[in-house]
Amino acid sequence: MDSLDLLRDLSSRPRDAVGRLRDHLDPATLNAHVGDHPNSVAWLLWHTGREIDVQLAELSGQAEQWTRLGFRDRFELGEIGDSVGYGHTRSEARRIIVEDAELLVSYVEATLDAIDAHLSELSPDSLGEVIDEQWDPPVTRGARLVSILDDAIQHLAQAAYVVGTGTPRHP
């Protein structure tokens, strides 16, 4: 197993996680704010897709799935939907309201498809290419892909936790 095989395996983990959530997402659960937290399950799923999409588009030079596949229009979130969610204020995060679970899941899956397509174009040596020298140490393509997938896994785990509580609050 080489490093690309490991990344392909890692990229299957968020896909499995979002797939397990699919049948447990109703509008109340999606948009609840458990513990009055500003990030709902809908926000977590939307953010998962956005962080993958934006970072991968920059890394690959390809268009974001958000616009390329029409998700921007389908979500109808306006300008706030074009953001990624990093640094959202409480009120900005609460503006991410989505009642269509399948739309959220489809977006995350489309971004994971894009990662898989990108991985299919790479060689193991390309993972060592420095793509961001603003950090110490500089960030390689492989490290960025791990970071993107790690962030996705963490946010999907948060969503799974909230869904697992079975007690949506503060819609």
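## A guided tour, from an exposed loop to a buried histidine

Begin by selecting Glu121, which lies in the loop between α8 (101-120) and β1 (130-132). The model on display is a predicted one. Colour Glu121 by accessibility: this residue is exposed, with a relative accessible area of 61%. Then add Ile131 to the selection, 10 residues away along the chain, and display the distance between the two C-alpha atoms, which is 16 Å.

**The salt bridge of Glu129**

Remain in the loop between α8 and β1 and select Glu129, together with Arg141 in helix α9. The side chains of Arg141 and Glu129 meet in a salt bridge, with 2.9 Å from N to O. The pair links distant parts of the chain, its members being 12 residues apart. Arg141 is buried, at a relative accessible area of 9%, whereas Glu129 is partly exposed, at 38%.

**From strand β1 to helix α9**

Next, select Asp132 in strand β1 and Arg144 in helix α9, a pair that also lies 12 residues apart and links distant parts of the chain. These residues form a salt bridge, and their closest N and O atoms are 3.1 Å apart. Are the two partners buried or exposed? Arg144 has a relative accessible area of 13% and is buried. Asp132 is buried as well, with a value of 14%, because buried means under 20%.

**Helices α9 and α1**

Now extend the selection to the whole of α9 (residues 141-165) and add helix α1 (residues 3-21). The two helices pack at an angle of about 20 degrees, and their axes are 10 Å apart. Angles under 35 degrees count as roughly parallel, and α1 and α9 are therefore roughly parallel to each other. Their crossing is left-handed.

Show the side chains at this contact. On the α1 side, the residues include Leu7, Leu10, Pro14, Ala17, Val18 and Leu21. Among those they meet in α9 are Leu145, Val146, Leu149, Ile153, Leu156 and Val163. By class, the contact comprises 15 nonpolar, 1 polar and 1 charged residues. Ser11 and Arg13 of α1 also take part.

**A network of three residues**

Select Arg15, Asp113 and Asp116, which are linked in a network of salt bridges. In general, side chains of opposite charge can pair when their charged atoms come close. The structure as a whole holds 13 salt bridges.

**Helix α3: Arg50 and His47**

Move to helix α3 (residues 41-60) and select Arg50, then add Glu64 in the loop between α3 and α4 (65-68). Arg50 forms a salt bridge with Glu64, in which the closest N and O atoms are 2.8 Å apart. This pair, 14 residues apart, links distant parts of the chain. Arg50 counts as buried at 1% relative accessibility, while Glu64, at 22%, counts as partly exposed.

The last stop is His47, also placed in helix α3. His47 counts as buried, at 1% relative accessibility. Which residues does His47 touch, not counting residues up to four places away in sequence? Display Val84, Gly85 and Tyr86, and then Asp151 and His155, to see these contacts of His47.

Technical notes:
Residues numbered from 1 in each chain as written. Predicted model: local features only at pLDDT ≥ 70, side-chain atom pairs only at ≥ 80, totals over all residues. Heavy atoms only, no water. Axes fitted to C-alpha atoms, helices over the stretch in contact; angles between N-to-C directions. Helix = DSSP H or I, 4+ residues; strand = E, 2+ residues; numbered from the N terminus. Parallel < 35°, antiparallel > 145°, perpendicular 65-115°, else oblique. Left-handed = near helix turned anticlockwise from the far one by under 90°. Contact = heavy atoms within 4.5 Å. Nonpolar A, V, L, I, M, F, W, Y, C, P; charged D, E, K, R; others polar. Buried < 20%, exposed > 50% of the residue type's maximum accessible area, 1.4 Å probe, protein only. Salt bridge = Lys/Arg side-chain N within 4 Å of Asp/Glu carboxyl O.
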